[in-house]
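I am opening the notebook on a new model. My plan is to go through charges, rings and surface in turn.

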Amino acid sequence: YEMLRSLVGSEMCIRDRGIAMRCDLDKVPSVGLFGMVVHQGGLRAQKMFDKYGLNKSQAGILFMLHHEEAVSQKPLSQKELAKKLNVTAPSITSAIQKMEKAGFIKRQPDEKDQRIMRLYLDEKGKACIEHVKEVAMQMDEIMFRGISQEEKLLLRRIMIQIFDNLKEEPRFHTSGESKTER
């Protein structure tokens with residue numbers, strides 16, 4: 001609640017019977033709305049992944065390993081996987097260990113450099129990948145219900161532009177002063 005309130009402002013959201021929060025979405029700043037959409041989508045996806053004994057992060061790892069094996073015919077190292085997922089290698093160590101123990105993935109030394117461990121889908125991971133794809137398709141159907149193809153394409157283009165903007169070097173300092181105004 002506190003995090004949401006700080007993103008959207010206390011006057012824009014009210015508690016519903018002390019449990020849930022309702023917000024006037026027209027008054028929520030864009031950054032707060034993005035956060036709410038991502039959070040809600042994550043909750044919905046997690047419910048779907050629960051059926052297969054996966055969490056969202058593990059599903060993302062399975063999908064990326066499958067995708068890279070199919071496209072490049074080369075399994076990823078933990079470092080390469082982390083880069084593709086835009087996280088640090090140590091941050092996915094625990095997930096990889098749990099997934100290996102659960103039989104979703106296996107690690108094997110690289111043929112040319114034994115210091116590098118390559119990640120492969122194990123039998124359970126291969127069997128589960130179709131479920132991961134199905135959840136992604138169901139999420140698309142849910143998220144874009146009532147939205148035209150043109151609107152979907154426009155939203156996608158805008159989200160890519162926002163992503164690119166956020167990757168750029170910041171133009172403003174915390175004081176709100178532009179670098180060019182100095």
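**Entry 1: a lysine to start with**

Is Lys74 buried, partly exposed or exposed? I looked up its relative accessible area and found 41%, so Lys74 is partly exposed. I note here that this is a predicted model.

Next I looked for its partner. The side chain of Lys74 meets that of Glu80 in a salt bridge, at 3.8 Å from N to O. That distance counts because the cut-off is 4 Å. Glu80 has a relative accessible area of 28%, so I log Glu80 as partly exposed too.

**Entry 2: the network**

I then asked which residues are linked with Lys74 and Glu80 in a network of salt bridges. Asp110 and Arg118 belong to that network as well.

I checked the pair Arg118 and Asp110 by itself. Their side chains form a salt bridge of 2.7 Å, N to O. Are these two buried or exposed? Arg118 comes out at 7% relative accessibility and is buried. Asp110 comes out at 13% and is buried as well. Both labels follow because buried means under 20%.

So the network takes in Lys74, which is partly exposed, and Arg118, which is buried.

**Entry 3: the count, and a pair within one helix**

How many salt bridges does the structure hold? I get seven.

One that I looked up lies between Lys133 and Glu130, with 3.5 Å from N to O. I wanted to know where the two sit. Both are in helix H6, which covers residues 123–143. They are three residues apart there, about one turn of the helix. Lys133 has a relative accessible area of 27% and is partly exposed. Glu130, at 47%, is partly exposed too.

**Entry 4: a glutamate in H3**

I moved on to Glu68. I found Glu68 in helix H3, residues 56–72. Is Glu68 buried or exposed? Its relative accessibility is 11%, so I log Glu68 as buried.

I set aside the neighbours within four places in sequence and listed the contacts. Glu68 is in contact with Gln73, Lys74, Leu76 and Lys84. Lys74 brings me back to the network of Entry 2.

**Entry 5: Phe63 and H6**

Phe63 is also placed in helix H3. Its relative accessible area is 38%, so Phe63 is partly exposed.

What does Phe63 touch, beyond residues up to four places away in sequence? The contacts are Ile129, Val132 and Lys133. Lys133 is the lysine that I had already placed in helix H6. I also took one C-alpha distance. Phe63 and Gly125 are 62 residues apart in sequence, yet 9.3 Å apart in space.

**Entry 6: rings**

I searched for aromatic pairs. The count is zero. I then looked for a charge over a ring. Lys124 lies over the face of Phe104, at 4.6 Å from the ring centre.

**Entry 7: a nonpolar patch**

Last, the surface. Which residues form a nonpolar patch there? I found Leu25, Leu33 and Val37, with about 240 Å² of accessible area together.

I followed up Val37. Val37 sits in helix H2, residues 30–50. Its relative accessibility is 51%, so Val37 counts as exposed. The label holds because the exposed class starts over 50%.

Technical notes: Residues are numbered from 1 along each chain as its sequence is written. This is a predicted model: local features need pLDDT of at least 70, side-chain atom pairs count only at pLDDT 80 or more; totals for chains, interfaces and linings use all residues. Side-chain values use heavy atoms; hydrogens and water are left out. Patches are made of residues with over 30% relative accessible area and no salt bridge: like charges are joined within 9 Å, nonpolar side chains (Val, Leu, Ile, Met, Phe, Trp, Tyr) within 5 Å. Accessible areas come from the Shrake-Rupley method with a 1.4 Å probe; for residues, only the protein chains shown count as cover. Helices (H or I, at least four residues) and strands (E, at least two) are DSSP runs, numbered from the N terminus. Buried means under 20% relative accessible area, exposed over 50%, partly exposed in between (1.4 Å probe, protein chains only). Contact means heavy atoms within 4.5 Å. Rings of Phe, Tyr and Trp (its six-membered ring) pair if their centres lie within 6.5 Å; planes under 30 degrees apart count as stacked, over 60 as edge-to-face and the rest as tilted. A charge sits over a ring if NZ of Lys or CZ of Arg is within 6 Å of the ring centre and within 35 degrees of the ring normal.
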